[in-house]
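This report is meant to be read beside the sequence and the model. It takes up a pocket, a helix and a few individual residues in turn.

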Amino acid sequence: MTTLSKDLLPHRAPARETAAPVLSLRDVRITDRAGGREIVHGVGFELTPGRTVGIVGESGSGKTLTCRAALGILPAHFEVSGGTVEIEGTDIATLTPARWTQLRGATVSAVFQDPASYLNPSVKVGAQIAEVVRVKLGLKRREARRRAVELLHAVRLRDPELVSGQYPFELSGGMLQRVLIAAAIAAGPRVLIADEATTALDVTVQAEILDLLADLRETTGTALVVVSHDLAVVAQLCDEVLVMRRGEVVEQGPTRSVLDDPRHEYTRLLVAEHEQYGLEKFLNPTEETA
């Protein structure tokens, strides 16, 4: 198994017990100005280096809007109407567009569900990653190209030199998702938001991507926000989970506690729906090897 290089991704986390939050949401409320109604009702969590927070819930529950609020990329007509979002202790409401440009990719980055939508179909994938490296790290063209290949190797793509010279349409969905992760981690962000990043992938590839994210967290101390409708994904990867329904957090706490002993009716329903897909093997891993 290829592990992520410390030299390639130089950020190292302080001890989890003493680290300050790198991302903090407090009572965040999001309003649709066009419709005049609040969509997200008071979401809050703190994320320290090397930790993973999962957000689960049905479509339209506010998961993606919450993540977009943290990235400062809410759709038109939507706004944070209450609460605060802080990145490394700075309220994002005070950030200028120029400062946001500096932070995105370098401090907080994201991987979304459909990688093809975020890659230029007419530009080779290596060149697209190299451009991120040049802009964010200030490397020269040749060094940026070399770093792009190293990043493709780090995300476990076979023959990264070959992949670097290919166009997005020549790659499979799993390969594209790895390319997007390579671009997202190119500047060593402290926070990576994975919004349904494994949803469209088959089970085997999904497991490989989750393993890659876990390796990223352990090797570099990157904090993760994992948005998923799949409780097995959350059980496998997350320290804390928020269960959202209709814009509200109905249950929140340590992942094992919430999934082992769900208190809210909706959480119990989600757990019951997922038990038939083998959720118990993630909740009780020792039983699998006994």
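## The largest pocket

In this predicted model, the lining of the largest pocket draws at least two residues from each of strand 6 (108-111), helix 3 (125-137) and helix 6. Helix 3 gives the most to this lining, with 6 residues. The space in the largest pocket comes to about 500 Å³, and of the 20 residues that line the pocket, Ser109, Ala110, Val132, Ala183 and Ala184 are the closest to its centre.

Sorted by side-chain character, the residues of the lining of the largest pocket comprise 14 nonpolar, 3 polar and 3 charged.

## Helix 7 and its surroundings

Helix 7 covers residues 203-220, which makes 18 residues, and its first and last C-alpha atoms lie 26 Å apart, close to the 26 Å expected at 1.5 Å a residue. At the N-terminal end, helix 7 is capped by Asp202, which places a side-chain oxygen 3.1 Å from the backbone nitrogen of Thr204. Just after the helix, Gly221 takes a positive phi of about 80 degrees.

The buried residues of helix 7 are Val205, Gln206, Ile209, Leu210, Leu212, Leu213, Ala214, Asp215, Leu216, Arg217, Thr219 and Thr220, a list that includes the charged residues Asp215 and Arg217. Which elements do the buried residues of helix 7 pack against? The partners are strand 3 (52-57), strand 7 (191-195) and strand 8 (223-227), together with helix 4 (141-154), helix 6 (173-184) and helix 8 (231-237). Helix 6, one of these partners, also supplies at least two residues to the lining of the largest pocket.

## Two residues with positive phi

Most residues other than glycine have a negative phi. Asp27, which lies in strand 1 (residues 23-32), has instead a positive phi near 50 degrees. A positive value, near 55 degrees, is also found for Arg246, which is located in the loop between strand 9 (240-245) and strand 10 (248-254).

Are these residues buried or exposed? Asp27 has a relative accessible area of 40% and therefore counts as partly exposed, whereas Arg246 counts as exposed because its relative accessible area is 62%, over the 50% cut-off.

## Two buried residues and their contacts

Thr66 belongs to helix 1 (residues 63-71) and counts as buried because its relative accessibility is 1%, under the 20% cut-off. When its neighbours within four places in sequence are left aside, Thr66 is in contact with Leu25, Ile30, Val40, Val43 and Met244. Leu25 and Ile30 fall within strand 1 (residues 23-32), and Met244 falls within strand 9 (240-245).

Ile92 is placed in the loop between strand 5 (90-91) and helix 2 (97-103), and with a relative accessible area of 12% Ile92 is likewise buried. Apart from neighbours within four places in sequence, Ile92 is in contact with Ala69, Val85, Ile87 and Trp100. The C-alpha atom of Ile92 is separated by 8.9 Å from that of Leu71, a residue 21 residues away along the chain.

## The chain as a whole

The chain contains 12 helices and 10 strands, and of its 290 residues 51% count as buried. Among the contacts in the chain with a separation of 6 or more, 70% are accounted for by residues 24 or more positions apart. The contact between Thr66 and Met244 is one example of a pair drawn from distant positions in the sequence.

Technical notes. Residues numbered from 1 in each chain as written. Heavy atoms only, no water. Helix = DSSP H or I, 4+ residues; strand = E, 2+ residues; numbered from the N terminus. Expected span 1.5 Å × (residues − 1). Buried < 20%, exposed > 50% of the residue type's maximum accessible area, 1.4 Å probe, protein only. Contact = heavy atoms within 4.5 Å. Polar contact = N/O pair within 3.5 Å; in protein donor to acceptor, adjacent residues only side chain to side chain. 1 Å grid on protein atoms, 1.4 Å probe; cavity = no way out; pocket = protein on both sides within 12 Å on 5 of 7 lines; lining within 4 Å. Points joined across faces, edges and corners; volume = space filled by probe spheres on them.
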